[in-house]
Amino acid sequence: MPAAQFIDEPARSIPIHGDYEVVVLGGGPAGIAAAASAAAHGRKTILIERYGFLGGAGTAAGVTNFCGLFANVHGDIRRVVHGVANDLLGRIDQLGGLNAPHLVLGKTKAVAYDTTAYKSAADDLLISRGVDLLFHALGAGVLAEAGILSALIVETKSGRRAVRGRVFIDCSGDGDLAAWAGAPFELGDESGNLLYPTMMFRVNGVDPTLAGEAWTTIPALMREAEKRGARFARHGVVVRPQRNPVEWRVNATQVASRNGRALDGTDATELSYGEIEGRRQAQAFIDFLRADVPGFAQAYIVDTPPQLGIRETRRIVGAYQLSGEDVLRCASFDDTIGVNGWPLENHVAGNVEWSWPPIPQSRGFNHLPYRMLLPQRLRNLLVAGRCASMTHEGQSAARVSGGCFVMGEAAGAAAHLALAGNGAVAGVDVAALQRLLETSGAYLGRDVT
Ligand SMILES: Cc1cc2nc3c(=O)[nH]c(=O)nc-3n(C[C@H](O)[C@H](O)[C@H](O)COP(=O)(O)OP(=O)(O)OC[C@H]3O[C@@H](n4cnc5c(N)ncnc54)[C@H](O)[C@@H]3O)c2cc1C
């Protein structure tokens, strides 16, 4: 890379878009739950999202599947994430967009959904709770002094705007707001390795009768194709039916940067390369499906999503970092705000490595502590979702939708309590937060050991 050159930008006055009690950046599962929760507690709340729809990676990266809502509790696969998630899933179901839960690796369950229904259901949910939505607004900076944030700067088609707030919740997935405000963060494991990204895609035109349970036979068919010279970016692929079984989702690509390491989603140049490489791999994989997999001969790619699916970028180093060990030993925390029942899912070069807590000997879930939402140095900022305070291994589990809903809902409730107190998020009375969450229907996992 050539040495960076700089030009100076003249200082300018920025119009104020509005004044809010709670400002949420990012409309993925964490942001949806955070905004819904803060507004339900009566706080004047705005959610800012760079796209024109909600859902985050769940819609913008074509994920189309909720993981982490269930846990294998001593052999019994149980729904363990409720609260805002119940409201949202109920609305998706009413729109006819929710699949029946399906088994994952024989150990837990996940729920596929239609992207279009998710977008509309999330709109309805937030509007019904009185949240202001500002779409097509890219968070671009923050005003902060002495550890107190006062405004988020956004770029919009109407120009640059400032959104003033009293408590901010960073649900950008990338920890953008936290990083701009100076919160310490990590990028990757101790060697800087990130989870590999994937370009998701959906295919249509599948013959469901012929395809049957193709997900069980595809790994062997890939190995056969490899013997004939085919090359795949990764093994451990997921090819599963959506609500309408002529449509399947394909989670099979793996995008490295030009140096072979996982692409860095905070690097604009690498991201641009990755979008193109992801689509190239999608086209190569549909060729394999058509040629080698029964039921897929007439299949075609109906959608590559608006963006490459980024699993991991910045993770803040907050008051506590949830670790892989915490997930595997089903850790309990006094400041639990909900639970994660998803295992470690490590996207390494060419494969996906799974590590589970002992099943059925363990309760199959860990508590998520309030402290993982608390960045250092900043008095009125909470961070929820995949950029919350976790190690690389811990994040490989709790980053899925279920954990993000839990963190988001707790962050919204905590923002409300901080505003009712002295405004400091670290000073929130945890017992009061837990009572508030349980009253709102959240499950904190304190009844099972
Ligand atoms: C390929 C792939 C497959 C996955 N498969 C599954 C699965 O099957 N099931 C599952 O549950 N999870 C899955 N996940 C994980 C899950 O989708 C994400 O970890 C989860 O969506 C993270 O939620 P979040 O709210 O923290 O962030 P995100 O979902 O990433 O949402 C962040 C939102 O913030 C917005 N944003 C970011 N920066 C800015 C900014 N500066 N200004 C304005 N807006 C901004 C983004 O546009 C986005 O809408 C997968 C992830 C990937 C990438």
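Biologist: Which residues have the most contacts inside the largest nonpolar core?

Modeller: Keep in mind that this is a predicted model. In the largest nonpolar core, Phe-66, Tyr-370, Leu-373 and Leu-382 have the most contacts. That core has 76 residues.

Biologist: And which helix gives the largest share of this core?

Modeller: Helix H11, residues 401-420, with 11 residues in the core.

Biologist: Let's take Leu-373. What is Leu-373 in contact with, leaving aside its neighbours within four places in sequence?

Modeller: With that restriction, Leu-373 is in contact with Ile-337, and also with Leu-381, Leu-382, Val-383 and Ala-384. Met-407, Ala-410 and Ala-411 complete the list.

Biologist: OK, what lies apart from the big core?

Modeller: Another core, this one of 23 residues. Among them are Ala-252, Phe-288, Leu-289 and Ala-299.

Biologist: Switching to holes. How many cavities of 30 Å³ or more does the structure hold?

Modeller: There is 1. Its volume is about 80 Å³.

Biologist: Which residues lie nearest the centre of the largest cavity?

Modeller: Val-81, His-82, Val-406, Glu-409 and Ala-442. They belong to a lining of 13 residues.

Biologist: What's the split of that lining between nonpolar, polar and charged?

Modeller: The lining has 9 nonpolar residues, 3 polar and 1 charged.

Biologist: Which elements give two or more residues to the lining?

Modeller: Helix H3 (84-94), strand S18 (336-340) and H11 do. The largest share comes from H11, with 3 residues.

Biologist: Now sheets. In what order do the strands of the open sheet with S7 come?

Modeller: The order is S3-S7-S6, so to speak left to right on paper, and the pairing is antiparallel.

Biologist: Which are the edge strands?

Modeller: Strand S3 (65-66) and strand S6 (102-104), each of which pairs on one side only.

Biologist: How many bridges join S6 to S7?

Modeller: There are 3 bridges between S6 and S7, the latter being residues 108-112. Across that pairing, Leu-103 stands opposite Lys-109.

Biologist: What about Val-104, is that one buried or exposed?

Modeller: Val-104 sits in strand S6. Val-104 counts as buried because its relative accessibility is 12%, and the cut-off for buried is under 20%.

Biologist: What does Val-104 touch, leaving aside residues within four places in sequence?

Modeller: Val-104 is in contact with Lys-109, Ala-110, Trp-342 and Trp-356. The C-alpha atoms of Val-104 and Cys-67 are separated by 9.2 Å, with the two residues 37 apart along the chain.

Biologist: Next up, Thr-64. Where does Thr-64 lie?

Modeller: Thr-64 is in the loop between helix H2 (57-60) and S3. Thr-64 counts as buried, at 0% relative accessibility.

Biologist: And what is Thr-64 in contact with, again leaving aside neighbours within four places?

Modeller: Gly-58, Ala-112, Tyr-113 and Thr-115, along with Arg-202, Gln-242 and Arg-249.

Biologist: Last one, Gly-55. Which loop is Gly-55 found in?

Modeller: Gly-55 is in the loop between strand S2 (45-48) and H2. Gly-55 is buried too, with a relative accessible area of 0%.

Biologist: What does Gly-55 touch, not counting residues up to four places away?

Modeller: Gly-55 touches Gly-27, Gly-28, Pro-29, Ile-32 and Tyr-118. For Pro-29, 26 residues from Gly-55 along the chain, the C-alpha separation is 6.1 Å.

Conventions:
Residues are numbered from 1 along each chain as its sequence is written. This is a predicted model: local features need pLDDT of at least 70, side-chain atom pairs count only at pLDDT 80 or more; totals for chains, interfaces and linings use all residues. Side-chain values use heavy atoms; hydrogens and water are left out. A nonpolar core is a set of buried Ala, Val, Leu, Ile, Met, Phe, Trp, Tyr and Cys residues joined through side-chain atoms within 4.5 Å. Buried means under 20% relative accessible area, exposed over 50%, partly exposed in between (1.4 Å probe, protein chains only). Helices (H or I, at least four residues) and strands (E, at least two) are DSSP runs, numbered from the N terminus. Contact means heavy atoms within 4.5 Å. On a 1 Å grid over the protein atoms alone, a cavity is a set of points where a 1.4 Å probe fits but cannot get out, and a pocket is an open set with protein on both sides within 12 Å along at least five of seven lines; lining residues have an atom within 4 Å of a point. Grid points are joined across faces, edges and corners, and a volume is the space filled by probe spheres set on the points. Ala, Val, Leu, Ile, Met, Phe, Trp, Tyr, Cys and Pro count as nonpolar, Asp, Glu, Lys and Arg as charged, and the others, Gly among them, as polar. Two strands pair if DSSP finds at least two bridges between them.
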